[in-house]
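Please open the model in your viewer, with a way to select residues by number and to show side chains, and follow the stops below in order.

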Amino acid sequence: MNKVAITAVAVAVCGAVGANWYANTRADDVVAKQVQQFSEQTGFDVSYENVDYSLLSNTVVIEHVSFMNKTTQLPLIDIERLSIEGYESDEISPYTELVVNGLSLSNDWQNAPENAATVPESIAKAKYDMIASMSFDAGNGDSEVKFAASAQNILDLAIDFDMTNSQDLMSLQREIDQMHEQGEMDLEAELQMQSKMMSAMQALEPKAFSFSLSNDGELKTLVDELLQKNGLDHAQLQSMLAAQLDAVPASEENKQAVKNFIAGLNSFEVSMAFPEKTSLMQLSMQIQPLVANPQALEQFLNLKMTGN
């Protein structure tokens, strides 16, 4: 390798290191500012150990985050790792993702007598992981919101909502964020934005929705524990549910799906596919006449349920 090439590589490496250092310095400042705002608005003290920013993936990683109640000084939640990918401060990102790993209730919270007496031990001691993401195509207005969460050894759930015509909603949300950042969101402005937000949401055109829940090992044990605390067993739960479902205006197929899930507590899935080019407002108006006819309503929404 000649001297010119060596010099070019050295300059590139120094530039990358310098850019990464600057980006991490800015990330520290941004996170500190956001944490301060969150603390002022919610009444929680937030602490963390480390902030790291990757230029390549545009991802901020925050490690060992803790939340404490300002009033009681009681630690509430600990998070091992929190990452935010794709956040843009001056534009709408085509993809944003929030990942939370190792969320747990603090030992102090678990040991508080009022909590220990009411919250099952498996829930209190479990670790939780969550992923929330949003993709947005500014060209056609398509958006997709996803959320997935798992409680270690208990259950997993996932939600997926696909929509279009979301340009106005995304632009409005960005405008609201900027007003908050600049301290311009007074009561009058907030009321105006709420009205605009309602209109933008009504203009959304939903495409598909799905929900799933599955047993990760100990869901049935948890349900039985909760039932026992209320003086019930699994057979009684099934009997009560069957009686209640008799009065629900739904198809026998979907009722059976719910019964199958309660009997087995293994998995439950719901999906819907909506008419094309139909806004939420239009959808609401078209659904109203179908409320008295559950089979027609389920067919209109392409509603499907499975359980076992």
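A residue counts as buried when its relative accessible area is under 20%, as exposed when over 50%, and as partly exposed in between. Keep that cut-off in mind for the first selection, S267, which has a relative accessible area of 18% and is therefore buried. This is a predicted model, and the mean pLDDT of the protein is 85, with 90% of its residues reaching 70 or more.

**First stop: S267 and its surroundings**

With S267 selected, you are in strand β10, which covers residues 267–273. Show the side chain of N308 as well, since a polar contact of 2.8 Å joins it to the side chain of S267. If you set aside residues up to four places away in sequence, S267 touches L213, S214, F261, T306, G307 and N308.

**Second stop: M305**

Now select M305, which lies in strand β11, residues 304–307. Is M305 buried or partly exposed? Its relative accessible area is 23%, so M305 counts as partly exposed. Neighbours within four places in sequence aside, the contacts of M305 are with N254, A257, V258, F268, E269 and V270. For one of these, N254, display the C-alpha atoms: those of M305 and N254 are separated by 5.6 Å, although the two residues are 51 apart along the chain.

**Third stop: the aromatic pairs**

How many aromatic pairs are there to look for? The count comes to 2. One is formed by F161 and F209, in an edge-to-face arrangement with 6.4 Å from centre to centre and 70° between the planes. This pair links distant parts of the chain, because F161 belongs to strand β8 (residues 155–164) and F209 to strand β9 (residues 205–215), and the two are 48 residues apart. F161 is partly exposed at 24% relative accessibility, and F209 is likewise partly exposed, with a relative accessible area of 24%. Moving on, F261 and F268 make a tilted pair, 5.5 Å centre to centre with 35° between the planes. Here F261 is buried, with a relative accessible area of 12%, and F268 is buried too, at 13%.

**Fourth stop: the nonpolar cores**

Keep F261 selected and add I62, I79, I154 and L219, for these five touch the most other members among the 30 residues of the largest nonpolar core. Centre the view on I62, which, leaving aside neighbours within four places in sequence, is in contact with V31, Y48, N50, V51, E80, R81 and L82. Another core, of 11 residues, lies apart from the largest one, and M163, M179, M193 and A200 are among its members.

**Fifth stop: helix α5**

M179 leads to the next selection, since it is one of the buried residues of α5, together with L169, M170, L172, R174 and I176. Helix α5 takes in residues 167–181, 15 residues in total, and reaches 21 Å from its first C-alpha to its last, close to the 21 Å expected at 1.5 Å a residue. Display β6 (128–136), β7 (143–151) and α6 (187–202) around it, as the buried residues of α5 pack against these elements. Following α5, select G183, whose phi is positive, near 70°.

**Last stop: the start of the chain**

Finally, select residues 1–24, over which pLDDT stays under 50, and for which the model has 10 contacts beyond four places in sequence.

Notes
Residues are numbered from 1 along each chain as its sequence is written. This is a predicted model: local features need pLDDT of at least 70, side-chain atom pairs count only at pLDDT 80 or more; totals for chains, interfaces and linings use all residues. Side-chain values use heavy atoms; hydrogens and water are left out. Helices (H or I, at least four residues) and strands (E, at least two) are DSSP runs, numbered from the N terminus. Buried means under 20% relative accessible area, exposed over 50%, partly exposed in between (1.4 Å probe, protein chains only). Contact means heavy atoms within 4.5 Å. A polar contact is a pair of N or O atoms within 3.5 Å; within protein, one must be able to donate a hydrogen and the other to accept it, and residues adjacent in sequence count only if both atoms are side-chain atoms. Rings of Phe, Tyr and Trp (its six-membered ring) pair if their centres lie within 6.5 Å; planes under 30 degrees apart count as stacked, over 60 as edge-to-face and the rest as tilted. The expected span of a helix is 1.5 Å times one less than its number of residues. A nonpolar core is a set of buried Ala, Val, Leu, Ile, Met, Phe, Trp, Tyr and Cys residues joined through side-chain atoms within 4.5 Å. pLDDT is the predictor's confidence in each residue, from 0 to 100.
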